[in-house]
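Visitor: I would like a close look at a single part of this model, the place where two of its helices pack against each other. Please take me through that part carefully and then show how its surroundings relate to it.

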Amino acid sequence: MNISGVENSSIKPQEAVYRDLQKEAAESRVNPEGGKEKEGEWSIKDEYIPEDKKSRNPAGIYKKIQDEDGRPKIQYVDSGREKKAVKSCTGSTDRVDREIERLKQQKAQLEQQKNAARDEKTVKELEQKLAQVENELRQKDNDTYRRSHMTVYEA
């Protein structure tokens with residue numbers, strides 16, 4: 001009987017194809033010493049061979065073990081690596097505080113000079129200087145500036 005122009009005699013059931021493949025695979029297995037292997041055995045086995053001794057140690061600090069009942073369990077393992085010493089550091093904002101204090105004194109001095117000045121030209125110059133000092137003081141007299149410009153010392 002023809003199905004779509006193909007003869008049925010050339011079509012094998014799927015189980016027969018699978019058996020043929022298994023038979024070919026068994027015949028192709030060869031023992032390193034010569035001769036064929038037994039069915040179901042393989043002659044070549046993959047094995048991981050580490051390059052050095054360091055790679056044999058687990059990278060993590062946990063390992064899988066079995067408890068008394070044979071159930072898998074995760075156990076903490078001290079890897080033996082040296083622990084880094086904790087360094088104590090101290091931050092000092094003294095330099096920044098002195099800079100801010102100097103600006104505040106300079107601002108007070110300029111205000112006094114401005115109040116005491118009689119000449120209008122001198123008053124305008126002092127107001128410009130005072131505006132510059134106030135602007136700088138506004139930028140520097142805050143916690144963000146203090147933290148970013150503090151000096152750090154190891155204790």
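Guide: Contact here means heavy atoms within 4.5 Å, and the model to which that criterion is applied is a predicted one. With this in mind, the part to look at is the pairing of helix 2, which spans residues 94-116, with helix 3, which spans residues 120-140. The axes of these two helices come within 9 Å and cross at roughly 155°; since angles over 145 degrees count as roughly antiparallel, helix 2 and helix 3 are therefore roughly antiparallel to each other. The crossing in which helix 2 passes helix 3 is left-handed.

On the side of helix 2, the residues that take part are Glu99, Ile100, Leu103, Lys104, Gln106, Lys107, Leu110, Glu111, Gln113 and Lys114, and they meet Val123, Leu126, Glu127, Lys129, Leu130, Val133, Glu134, Glu136, Leu137 and Lys140 in helix 3. Sorted by class, this contact of helix 2 with helix 3 has eight nonpolar, two polar and 10 charged residues.

Tyr145, found in helix 4 (residues 143-148), adds to the picture. Leaving aside its neighbours within four places in sequence, Tyr145 is in contact with Val96, Glu99, Gln139 and Lys140, and among these Glu99 and Lys140 also belong to the contact between helix 2 and helix 3. Tyr145 has a relative accessibility of 16% and therefore counts as buried, the limit for that class being under 20%. The C-alpha atoms of Tyr145 and Thr93 are 9.8 Å apart in space, although 52 residues separate the two in sequence.

Further along the chain, Glu154 has its place in strand 6 (residues 151-154). With a relative accessibility of 60%, Glu154 counts as exposed, because that class begins over 50%. Not counting residues up to four places away in sequence, Glu154 touches Lys87, Ser88 and Cys89; Cys89 lies 65 residues from Glu154 in sequence, yet their C-alpha atoms are 4.3 Å apart in space.

As for the setting of these elements, the protein chain has four helices and six strands, which follow the pattern β-β-α-β-β-β-α-α-α-β when read along the sequence. Of its 155 residues, 12% count as buried, and the chain exposes about 14,300 Å², with carbon and sulfur atoms supplying 48% of that area. Among contacts between residues at least 6 apart in sequence, 44% join residues at least 24 apart.

Note on methods: Residues numbered from 1 in each chain as written. Predicted model: local features only at pLDDT ≥ 70, side-chain atom pairs only at ≥ 80, totals over all residues. Heavy atoms only, no water. Axes fitted to C-alpha atoms, helices over the stretch in contact; angles between N-to-C directions. Parallel < 35°, antiparallel > 145°, perpendicular 65-115°, else oblique. Left-handed = near helix turned anticlockwise from the far one by under 90°. Nonpolar A, V, L, I, M, F, W, Y, C, P; charged D, E, K, R; others polar. Buried < 20%, exposed > 50% of the residue type's maximum accessible area, 1.4 Å probe, protein only. Areas by Shrake-Rupley, 256 points an atom, 1.4 Å probe, with all protein chains shown as cover.
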